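Colleague: I have the model open in the viewer and would like to go through it with you. Please start with a single residue and work outwards from there.

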Amino acid sequence: MLDEFLKNELSFNRESGTYLFYGEDLEKNFELAVEFAKYLFSKNIKNLEDIENIKQKVDRQSYADLYIIDNLTIDMARDVIKKTYTSSHEGNPKVFILKNIQDIRKESANAILKIIEEPTKNNFFILLSNRLNILATIKSRSIVYRVKRFSAEDLDIDRYTYEFFMSSSVDIREFKNTDISLSEEKSFKDIARFIKDYESEKKLEQKVNIYKALRDFVSKSVNLEIYDKVKFAEDIYMSISNKENIKLIVDYLINLVKRDRKLKNKLYLKKMLRYPVNMKLSFINLVLDI
């Protein structure tokens, strides 16, 4: 799974290091980080049985020197720093996989800057982000590696399905094990119900219904009155209790209009995903622009 760049990195036999893996498919970023960690843990081990045992423990996330952190808070950052100075449990390097670096707060970043700039011996950091546009202080201290998305061919699905799920390998793999139909249409007028169902149960079928309603809205938007668009935006905004879901919907809307470069740029300039100031008004304006 590792390409020549990462294999070369391993050949340098570094005693420590900080890597930034970035790419739109966060799940693939994580999978590759875990695979890279396996090699970091086993690079100086000759016994094949021991290597296989390490890989299995890493896959189960039960390897004692592997630390996976979803969102790095200031308290977690301080805890990570402490762990870098403790002894290894397994007798090998310690690897810290820090996810969602694109959302890291400045105080958390400042807390770990020194340790990721000059990691102590046998400490490796793998930072994961869905974009390269992150804090410059983090980026400049990392070995940057772009993770390419899985292609439709890699995932063994057609182009329509690939684009429907925004190339999300997690959703696509789950979809392939269901009998969900992507051809059945859903009305944008039912978006509030679909969102509430999804937030309640978190099932893929409910997410698919949201996507179908969004696609229905975009296909009909040119003929809709301003009132209809505002109501659609308000239905979405008032139904969502988890801010991550508003980001999901914004991402999907942007993905649907990506062929219109002018509109896409305009939506990005709103910086809705990063700065949720006046979120409701910004979201309504976004919908009106479609």
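Colleague: Is Lys-220 buried, partly exposed or exposed?

Modeller: Lys-220 counts as partly exposed, because its relative accessibility is 39%, where buried means under 20% relative accessible area, exposed means over 50% and partly exposed lies in between, all with a 1.4 Å probe and protein chains only. Lys-220 belongs to helix H11, and helices here are DSSP runs of H or I with at least four residues, strands being runs of E with at least two, both numbered from the N terminus.

Colleague: And how far is Lys-220 from Ile-69?

Modeller: Their C-alpha atoms are separated by 42 Å, with the two positions 151 residues apart along the chain.

Colleague: Before we go on, what should I keep in mind about where these values come from?

Modeller: This is a predicted model, in which local features need pLDDT of at least 70 and side-chain atom pairs count only at pLDDT 80 or more, while totals for chains, interfaces and linings use all residues. Residues are numbered from 1 along each chain as its sequence is written, and side-chain values use heavy atoms, with hydrogens and water left out.

Colleague: OK, the overall picture then. How many helices and strands are there?

Modeller: The protein chain has 15 helices and five strands, and its C-alpha trace spans about 65 × 40 × 35 Å along the principal axes. Of its 290 residues, 45% count as buried. If one takes contacts (heavy atoms within 4.5 Å) between residues at least 6 apart in sequence, 72% of them join residues at least 24 apart.

Colleague: Which residues touch the most other members in the largest nonpolar core?

Modeller: They are Phe-165, Leu-214, Ile-236, Ile-249 and Phe-283, out of 43 residues in that core. Helices supplying at least two residues each include H10, H11, H12 and H13, and H13 gives the most, with eight. A nonpolar core here is a set of buried Ala, Val, Leu, Ile, Met, Phe, Trp, Tyr and Cys residues joined through side-chain atoms within 4.5 Å.

Colleague: What does Ile-236 touch, then?

Modeller: Not counting residues up to four places away in sequence, Ile-236 touches Ile-191, Ile-195, Leu-214, Ile-246, Ile-249 and Phe-283. Apart from this core lies another one, of 24 residues, among them Leu-6, Ala-33, Phe-36 and Ile-97.

Colleague: Let's turn to helix packing. How do H10 and H12 pack?

Modeller: H10 (residues 191–201) and H12 (residues 226–239) pack at an angle of about 20° with their axes 9 Å apart, the axes being lines fitted to C-alpha atoms over the stretch in contact and the angles running from 0 to 180 degrees between N-to-C directions. The two helices are therefore roughly parallel, on a scale where under 35 degrees is roughly parallel, over 145 roughly antiparallel, 65 to 115 roughly perpendicular and the rest oblique. On the H10 side the residues are Ile-191, Ala-192, Ile-195, Lys-196 and Glu-199, and they meet Phe-232, Asp-235, Ile-236 and Ser-239 of H12.

Colleague: What about H10 against H11?

Modeller: H10 and H11 pack at about 155°, with their axes 8 Å apart, and are therefore roughly antiparallel. Among the residues making the contact are Ile-191, Phe-194 and Ile-195 of H10 and Ile-210, Ala-213 and Leu-214 of H11.

Colleague: Which residue sits in the loop between H10 and H11 with a positive phi?

Modeller: That is Lys-202, in the loop between H10 and H11, where phi is near 60°, a positive value in a residue other than glycine. With 44% relative accessibility, Lys-202 counts as partly exposed.

Colleague: And Asn-122, where is that?

Modeller: Asn-122 lies in the loop between helix H5 (106–117) and strand S4 (123–129), and its phi is near 70°, again positive in a residue other than glycine. Asn-122 is partly exposed, at 33% relative accessibility.

Colleague: One last residue: what does Asn-255 contact?

Modeller: Leaving aside neighbours within four places in sequence, Asn-255 is in contact with Glu-163 and Met-166. Asn-255 is part of H13 and counts as buried, since its relative accessibility is 19%.
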